[in-house]
Amino acid sequence: MSSIEKLFSGMRASASGLSAERVRIDVIARNIANASVTKMADGSGPYRRQVVHFAPMLAKQADGLATQSGSAPLSVGVRVSGVSDDVSSPFERIRDPGHPDADADGMVTMPNVNTTREMADMITAMRAYEANIGAQDTFVRMAERALRLAQ
Amino acid sequence: MVDRIGSQTSLAQAAIEAALKRQSAALERLSQAASPASESAPAVDFSSALKSGISEIDAQVKRADTLALDVATGKVTDFHEVAAALKQSDLSLRFALEVRNKFIDAYREVMRMGV
Amino acid sequence: MDLGGVQHDLLMKLLSASSLRARVIANNISNQNVPGFKRQVVRFEELLGAELSSGADGTSGSDKLLAVEPRIDTDRLTTAGQDGNNVSMELERNAMVENRLLYDTYAQILQTRTDMMRLAIQEGR
């Protein structure tokens, strides 16, 4: 880490958490908004649920802590390693002959988005977001308390 | 305006250093004059005690001097480090000033007692 | 004892740079929805560090240090949204809080030095 970053390393971990959770919240919102999209703009099949992948963010350059033999690389926060399609859960087929995208059997292939589950994920992400805000505030209070020691 | 304040404090600094030098020189002369009569007395060298006191003041303040640059360039990694360094400098300064004042008082007392 | 001069001026510059940074961050936040707007950052501490390490023996003359000025740069590296705007509230909030702590730190150092100066001038009496 360069120069003044070490002083704020605790807080930057929280900041990375906030950014990552924000991406997750945005993706969940997109899933919910597209829960009924049976045909995409390019004509392909129904909307595919998106999932966010998190990974530890490692210190860019090895400092004293990270290079001690036997110790793991220093993690300084979290990052979004990717946003991908959820290929594990299947599309749901429902019976709706009047639907514009119904096939010959009157069946419609719906996106693999379960709105209830998305809402639960949204609440989890919000709680994580707030927890990161709390951690950031704690860092600030500790720093202010430390500076007051000089008075 | 900031420049003028800077140069004013530089002038004040120069004046204080000059005053301290004069004080130190005067006490040196006095202690040299008094020393023949006090050969048998406990050897308290006011002059060198005063000098070391002044250089101690100087050293402690110098520690606080580079603190801001150390923070800016990342040599300081925790906020309590800053507070501790400031507090140490301040306390050391107060202690050194107090020691110096006590020496001066004691010296004046001794001189008043009759040479 | 350097009661005034270089150290004082350096502290004042650090405070000024921090103050400028606060304004730039506020400007970023106010432009968070403007299409194509790219966030700006204020560099000063790293410029000081660069000047310091470029000195012959790792040190740098105080004149050279005082010649370093804060610089406003445009951040084009941070990824932008579809509207070309790359201001993130999380990033700006973090930057704002960090900057405030930095300002408090410099202010505390200045306060203590000033108090020590006054004490030395009064000769501790």
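**Notebook: helix 4 of chain B and its surroundings**

I began with the length of helix 4 of chain B, residues 79–112. Its 34 residues, at 1.5 Å each, should span 50 Å, and I found the end C-alpha atoms 50 Å apart, so the two values agree. I note here that the model is predicted.

**Chain B overall.** I counted four helices and zero strands in chain B. Along the sequence I read the pattern as α-α-α-α. Of the 115 residues in chain B, 23% are buried. I also looked up sequence separation: among chain B contacts with a separation of 6 or more, 64% join residues 24 or more positions apart.

**Burial in helix 4 of chain B.** Which residues of this helix are buried? I listed F79(B), V82(B), A83(B), A85(B), L86(B), S89(B), D90(B), L93(B), A96(B), L97(B) and R100(B). The list includes D90(B) and R100(B), which count as charged.

**The largest nonpolar core.** I then turned to the largest nonpolar core, which has 41 residues. The members that touch the most others are L67(B), A68(B), A72(B), V82(B), L86(B), L14(C) and I109(C). Two or more residues come from each of these elements: helix 1 (9–33) and helix 2 (115–148) of chain A, helix 3 (67–72) and helix 4 of chain B, and helix 1 (5–30) and helix 4 (89–121) of chain C. I checked L67(B) separately. Setting aside neighbours within four places in sequence, I found L67(B) in contact with V82(B), A85(B), L86(B) and I109(C).

**Helix 4 of chain B against helix 4 of chain C.** How do the axes of these two helices cross? They come within 10 Å and cross at roughly 0 degrees. I therefore entered the pair as roughly parallel. From chain B the contact uses F79(B), V82(B), L86(B), S89(B), D90(B), L93(B), R94(B) and L97(B). From chain C it uses T105(C), Q108(C), I109(C), T112(C), M116(C), L119(C) and A120(C). By class I have nine nonpolar, four polar and two charged residues in this contact.

**Helix 4 of chain B against helix 2 of chain A.** Here the axes come within 7 Å and cross at roughly 5 degrees. This pair is therefore also roughly parallel. A143(A), A146(A) and L147(A) meet F79(B), H80(B), V82(B) and A83(B). I sorted the residues of this contact into six nonpolar, one polar and no charged. F79(B) and V82(B) appear in this contact and also in the contact with helix 4 of chain C.

**Chain A.** I counted two helices and four strands in chain A, in the order α-β-β-β-β-α. Buried residues make up 21% of its 151 residues. Of the chain A contacts with a separation of 6 or more, 65% are between residues 24 or more positions apart.

**Chain A against chain C.** How many residues does each chain give to this contact? Chain A gives 15 residues and chain C gives 14. On the chain A side, helix 1 and helix 2 are the elements that supply two or more residues. That side divides into nine nonpolar, four polar and two charged residues.

**N27(C).** Last, I looked at N27(C), which is in helix 1 of chain C. Is N27(C) buried, exposed or partly exposed? It has 15 C-beta neighbours inside 10 Å, so I entered it as partly exposed; buried would need 20 or more, exposed 12 or fewer. R39(C) is 12 residues away from N27(C) along the chain, and their C-alpha atoms are separated by 8.6 Å.

Note on methods: Residues numbered from 1 in each chain as written. Chains lettered and ligands numbered in written order. Predicted model: local features only at pLDDT ≥ 70, side-chain atom pairs only at ≥ 80, totals over all residues. Contact = placed C-beta atoms within 7 Å. Expected span 1.5 Å × (residues − 1). Core = buried A, V, L, I, M, F, W, Y, C linked by C-beta atoms within 7 Å. Axes fitted to C-alpha atoms, helices over the stretch in contact; angles between N-to-C directions. Parallel < 35°, antiparallel > 145°, perpendicular 65-115°, else oblique.
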